[in-house]
Amino acid sequence: MPTPPMPTSLMHITMRGEVQGIGLRPRIKRWADALGLQGWVRNQGDQVELQVSGTASALQQLLAQLQGPQRVVQFARVAPDQSDPFTQPGFSILPGVSMPADRLYQVPADRGICAACLQEFHDIASSRYHYPFISCNDCGPRFSLLTRLPFARANTRYGQLPPCPQCQAEFADPENRRFHSELISCAGCGPRLLLGAPSAPGDVAVIDAALAPDQIVVRAVTCLEQGGIVAVKSVSGMQLLVRADAQSAVQRLRRLKQRPHKPLALLVPSLQWVEQRAGVLFDLDSSASRWLTAPQRPIVLLPKLHRPGIDPLINDVANAVAADVPDLGVMLPATALQAWLAQAVMTQLGVPLVCTSANISDEPILFRNEDLLSRVGDLCDLALLHDLEIDIPQDDSVLFTHRGHTTLLRRARGFAHATFAVPVQESVLAVGGDLKNTFALAQGGTAILGPHLGDMESVATLQRQEFLLQKIAGLHDFIPNRIVADAHPGYVSRQRAQRSAGNLSVATVQHHHAHLLANHLTCDLPERYLALVWDGSGYGTDATLWGSECFLVEAGKVRRVAALAPFGLPGGVQALRQPWRMALALSFAANIPAVEVIQRLTSTTVSAAQLNAVWQMLENNLNCPQSCAMGRLFDAASYRLLGVADNLYEGYAALQLQTRAQQETIASASPGHDSIFAIHNLESDGLLRGDWHAAWRDLFLQESVASGEGYALAFHRGIAQWACQLARHFGVRHLSLSGGCFQNRLLQSLLLDLAQAERLEVIWPDAIPLNDGGLALGQLLAADYSLRNST
Amino acid sequence: MKESRILLTHGSGGEATRDLVQQLMVPGYGNDTLRQLTDGAVLPRLNGTPVFTTDSYVITPPFFPGGDIGALSVMGTCNDLAVMGAVPRWLSLAFILEESLPLERLEKIVQSIQRTAQEAGIEIVTGDTKVVERGKADQLFINTAGIGELLQPLALSPQRIQPGDAMVVSNDIGRHGIAVLASREGINLDVDLQSDMALLHPLIQALLHNGIDLHCARDLTRGGLGGALLELAEQGGRDLRVVETAVPVSDTVQAACELLGFDPLFVANEGCCVLFLPQSQVAEALAILREFSAGRWATQIGEVLAKADQTATTFSSTTVSGVRLQNAYGVERQLGWHTVDQLPRIC
């Protein structure tokens, strides 16, 4: 080794952001060595700290290399300190140290298997050939296995598995791809793949420890070939696999999971498979491709194409996978085992797999071996497990891309580790909403939004929230001194918070206000803008159910300035489940005569007697809570135009309407193509009310409406136009969007088109969901920030 | 009594009042104590511990399928005593009448009170009548207070609920609320539905008399079964698990609830109670209950869990107890406190 040049400068550098769990320290070591620099690097809390000395130009070069898109690099020149115990020749990686928890730390994310590891995995000459837990500095589990910070082997479940001498040698070798790879392991020292199967049909499943991975995979593929359901313990939870081409097998999976209708996603072996079908089965844009291969490995929803006569060899997906929806969900393998199974099934059977979380519908994802083993037989036929415990169970994340925008529908694995900067210093816990629940923590100007949990009415989900809260709060030594919940008095999340808060105060935040604040935190918004929060329903400050809210944000103040004219929800929660009630309620509010309404709305699924009784409820105002939620307008139109009488799952009727309208955009000759569902603004008590009565009367009374042709699109266009009308009325150039209604790809398109013409900017977050999955983040702010509702 | 309607003078305390009481009420439900028309009733000593309760009755409409406000005002108070484990003995009865209430209606109510008191074996020993101006009341309000007697040493109480106890409902739920609502709103439910009004102490006394170790009972009134269970879980500090499919609900009530958007668990009852008793005595208790017409559909609906959920104590030492509903697939959901108007919480 040549003599290092005389140190001319000593620098202390800290790096924050996406800096751990991505092999940054070994890379820094290589750069420093190449530049002939001396010093050390180490993980410190959630940051990387380094002290380095060398020539000014070498230091400059190092600084340039340290810059990265997800990193904040701070550096300071410091005086040489001869007493620094770390000062020794060369550049070394020191053991990580913890830091006092004055804020919440960025936690390293689970990363889907990288191309290099995948290649090694399939290479028969490699020492990790068919080793299911292969990982490196670029990929592998992180967040889901963490028990403490900072990210180091000893602080994960791998701490129980000492590396073998071979792995140790690779770990210490700066030339090796796995130099300082914390979770380095091989078949000799790593976790073991286990098969859980009943020893005789009908028996309780037991673990068979004698089988080698190859044998286990053969068993699994045979089971899948026969249409069986195989459960696989993945990075952050159990998943169920079944061959995607077998209608009856998929239907059986739906039955066992008690998920009769909601679409399922595919696990496909490669991007190539997706690309081969792009333009035939579905559309694929470049951002969707990027997400498919991104380390987060989310499920990406690809818009289905409706082309007749598709080659059956290309269409190897059974109808039961994703019927009646405009999109098909696709994901690429996140682990070597998923890749192995997907590849083997593709090679041997020529079909992709359906992949879904292992749980009963409405319950949280299973993640413990014993919980899954006890379900073999009634949820799956075979279980592929391993002997590492999962600490932070998470579902797969779901998103779609459209015209360059990413819309996150479910934020979980790969995303849920990240921190947000928030203007909140004290320790606050926000418990989120009741549906698509996530919780959020804030402390010292940073916040963490927990992974997707689900419906809080389920006891198991409630317990999972407690479990994850303890785990994640434990990672950060977080103890709240304030709790925030939704203002809905009936929300289980709120009641639970209030009843378990002890001495802590529980503040409540209006639902749509929290939505707007979540956008405020995660989007680049100007001083003055309009925030549209359109969703299915949320408790308003006047004790009615809001959901077409328009807030004007200016000078740090928020004012509710517009909403739709209200209507009744006949039968309360039933009105949300049965869109025909909404068609009736809107007709009642729009003063269409009862005879006409009942005659036109009677169908094979909804009788005149039912309609009459519900009409009576509207007349008597019996159990008809008032609402102005946009989602309900979609429901009403969906029944009137398409006869969708039941919301088979949340948003189903609106999704049907969207699908129909998208078909109409293609068939431009539709009779209703030029018509529009025109909403007019009326001033009422200082609030602008979007008056939809005349528009509904037009839509309702159209003669040709029976076929639904043209009007589904006209309806969407009317809704988009109202958004722009509001922007014009209040003279803003920026629209911030949130709420489930804006997850509608067509509405996004129409809005983007209109905005372009009117030189408006429409903005929605890509880091959090538009639905209630992002609510908790906004709740945090309302607890401690001047941006409050001033009305 | 020349006037066929109640006048303000009927409540003045003068002659008209005396006439009303003498001619209508005393003949109706009079007994030796009441006939003395003294300022208070002098009651004999009881052998057992006395139990005392009161309740006010305001219901629209006052006559509904299966009953009226008069019968209700006796039964409701008797049932409050019954679920304490007491035998009803004496009742006070106070009317607040709206000016212009037809006398004929009052007469019917008085007759109904008489019949019910007789059936209950309770003596009406003191009373009061006031009249308010038209519009100040909805026809009539009634307040009753009752004294009952415990024949056993301990009253029934949520504190006596034990882990492992069985939960039994005495009859199918929801009939009163739906019957009253349908008749008030004039909604044609196309069914013949009657209130479930019934006296509960015969059932409860039969259980006690036959050696059933009853721990707790609660009559299911305004908040329905759900409201009662939530209260009991909190008061008893226990987690309760209810098997949703076991809860007896008639097809008629179920269909009406689906149409109206109500949860039968939160619909009012007037002749139904939930009972907590040792699991080992369930079969025997059900056999006794089913002997009564008010216990025909008595069913075990769930059990008391070992202890309230301790995992809820992340950030405080408060123990959260609650009610879990288990559906047909074994999935449990937390029963929430419904807001008065059952505002939807789903999106």
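This passage describes a helix pair and a buried serine in chain A, together with a buried aspartate in chain B, of a predicted model. Local features were considered at pLDDT of at least 70 and side-chain atom pairs only at pLDDT 80 or more, whereas totals for chains, interfaces and linings use all residues. Residues are numbered from 1 along each chain as its sequence is written, chains are lettered from A in the order in which they are written, and side-chain values use heavy atoms, with hydrogens and water left out.

In chain A, the axes of helix α18 (residues 630-642) and helix α21 (residues 711-730) come within 10 Å and cross at roughly 165°, the axes being lines fitted to C-alpha atoms over the stretch in contact, with angles running from 0 to 180 degrees between N-to-C directions. α18(A) and α21(A) are therefore roughly antiparallel (an angle over 145 degrees). To the contact (heavy atoms within 4.5 Å), α18(A) contributes M630(A), L633(A), F634(A), A637(A) and L641(A), and α21(A) contributes Y711(A), A712(A), F715(A), H716(A), I719(A) and W722(A).

S357(A) lies in strand β13 (residues 353-357) of chain A and, at 14% relative accessibility, counts as buried (under 20% relative accessible area, with a 1.4 Å probe and protein chains only). Beyond its neighbours within four places in sequence, S357(A) is in contact with M238(A), Q239(A), L240(A), K257(A), I365(A) and D395(A).

In chain B, D263(B) is located in the loop between α8 (251-260) and β10 (273-277) and is likewise buried, with a relative accessible area of 17%. D263(B) and G226(B), 37 residues apart in sequence, are separated by 9.1 Å in space, C-alpha to C-alpha.

Technical notes:
Helices (H or I, at least four residues) and strands (E, at least two) are DSSP runs, numbered from the N terminus. Angles under 35 degrees count as roughly parallel, over 145 as roughly antiparallel, 65 to 115 as roughly perpendicular and the rest as oblique. Buried means under 20% relative accessible area, exposed over 50%, partly exposed in between (1.4 Å probe, protein chains only).
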